[in-house]
Amino acid sequence: MKKWMMILLALCLSFSVVCLYGCGGSGGGSGEETEASGEDAGTQAVEESVWKAAYLEVLQADEQAIKAYTRADQEGLAALSDLNGDAVPELLYFVRDPEKDFPYMKIYTIRDGSAAEVSYEKPMAYSKYSDLPSDALYDYEVQGGTNYAVFANKDGSLQMYSFLWGAEFGSGTMNRYKMDAEGNLNQTERFGFINEFMNSMLEQPPGAKITFWMDGEEIQEPEYSALCDACTKDIQEVIFSVDAPNGAEQDKPIWDAVGKMTPTGTSYDQMITKLSE
């Protein structure tokens with residue numbers, strides 16, 4: 001009897017040791033997980049400080065050119081927006097570069113911890129005004145001037161719409177883009193219209209000829225309308241929106257959709273403050 005009691009006692013003691021060891025092991029694991037989580041949080045904080053510092057340097061280098069461009073009672077336009085869904089925003093802003101004929105929008109992304117300028121093109125949907133530069137979104141300061149909007153959709157696409165008031169006609173072009181993981185901005189589609197009798201000075205006569213275009217080819221109005229609906233039905237963020245035109249019925253759905261949201265673009269000084277935080 002005593003022998004069985006001794007065996008039972010030994011088994012109980014062994015079980016207790018195993019339980020204590022297991023609990024100790026679990027406690028050690030929790031500590032390691034907490035430490036790892038702390039390391040992840042630290043890494044994320046460093047990453048934010050890296051891109052903020054990189055963009056701050058870029059903006060300060062372009063301060064004079066940014067402040068030289070003024071629209072809608074703002075001194076410069078700048079914004080942060082994550083264009084490729086990698087949790088690190090891109091930097092967008094307008095400059096008046098003395099080496100360029102017109103003000104235009106720059107885009108920067110982070111590559112290998114440094115700010116890198118993103119090259120992109122914004123050609124018109126048709127051949128009119130083909131002599132104007134199209135290697136970026138330009139605020140063409142010709143004739144009646146240019147109105148534009150830049151906005152991002154929930155599907156990850158970026159839209160740039162611009163309307164040019166010509167001397168004898170008005171024309172609008174929507175360019176759609178996707179940014180890949182490497183920060184390259186690729187155009188996926190462009191479409192628009194031209195009203196050959198609409199301009200900023202003259203009253204539009206009845207029966208004015210209106211032509212619709214997609215990627216340089218003429219299309220019919222229903223197809224154009226469907227394209228407008230597709231690019232405005234799921235807007236996630238309006239980045240820039242400057243002086244929507246009056247009287248262009250063909251792009252009214254675009255301006256109506258954009259006008260429902262407040263643009264995130266801000267002044268140079270406000271962006272400097274944000275990047276310095």
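In this predicted model, Phe163 and Phe193 are both buried. Phe163 belongs to strand β8 and Phe193 to strand β10, so their pairing ties together parts of the chain that are 30 residues apart in sequence. The ring centres of Phe163 and Phe193 are 6.1 Å apart and the planes meet at 35 degrees; the pair is therefore classed as tilted, since the stacked class requires planes under 30 degrees apart and the edge-to-face class over 60. Phe163 and Phe193 are also members of a cluster linked by ring pairs, together with Trp165, Phe191, Phe212 and Tyr224.

The strands that carry this pair are part of an open sheet of seven strands. The order across the sheet is β12-β11-β10-β9-β8-β7-β13, and the strands pair in the antiparallel sense. The edges are taken by β12, residues 217–219, and β13, residues 235–242; each has a single partner strand, so one side of each is left without a neighbour in the sheet. On average, and with direction ignored, neighbouring strands of the sheet are turned by 20 degrees against each other. In general, the strands of a sheet pair through backbone hydrogen bonds, in either a parallel or an antiparallel arrangement.

Within the sheet, β9 spans residues 170–179 and β10 spans residues 185–195. These two strands are joined in the antiparallel sense over ten bridges. Phe193 takes part in this pairing as well, as the bridge partner in β10 of Gly172.

Helix α3, formed by residues 221–232, lies across β7, β8, β9, β10, β11, β12 and β13. The helix runs at about 135 degrees to β10. Of the strands it crosses, β7 covers residues 145–153, β8 covers 157–165 and β11 covers 210–214.

The count of aromatic pairs in the model comes to 16. One of these is formed by Tyr120 and Tyr177, with 6.3 Å from centre to centre and 90 degrees between the planes, an edge-to-face arrangement. This pair links distant parts of the chain, 57 residues apart: Tyr120 is in the loop between β6 (114–117) and β7, whereas Tyr177 is in strand β9. Tyr120 has a relative accessible area of 6% and is therefore buried. For Tyr177 the relative accessible area is 1%, so this residue too is buried; the cut-off for buried is under 20%.

A contact of another kind involves Lys100 and Tyr104. The charged end of Lys100 sits over the ring of Tyr104, at 5.4 Å from the ring centre.

Note on methods:
Residues are numbered from 1 along each chain as its sequence is written. This is a predicted model: local features need pLDDT of at least 70, side-chain atom pairs count only at pLDDT 80 or more; totals for chains, interfaces and linings use all residues. Side-chain values use heavy atoms; hydrogens and water are left out. Two strands pair if DSSP finds at least two bridges between them. Helices (H or I, at least four residues) and strands (E, at least two) are DSSP runs, numbered from the N terminus. Axes are lines fitted to C-alpha atoms, for helices over the stretch in contact, and angles run from 0 to 180 degrees between N-to-C directions. Contact means heavy atoms within 4.5 Å. Rings of Phe, Tyr and Trp (its six-membered ring) pair if their centres lie within 6.5 Å; planes under 30 degrees apart count as stacked, over 60 as edge-to-face and the rest as tilted. Buried means under 20% relative accessible area, exposed over 50%, partly exposed in between (1.4 Å probe, protein chains only). A charge sits over a ring if NZ of Lys or CZ of Arg is within 6 Å of the ring centre and within 35 degrees of the ring normal.
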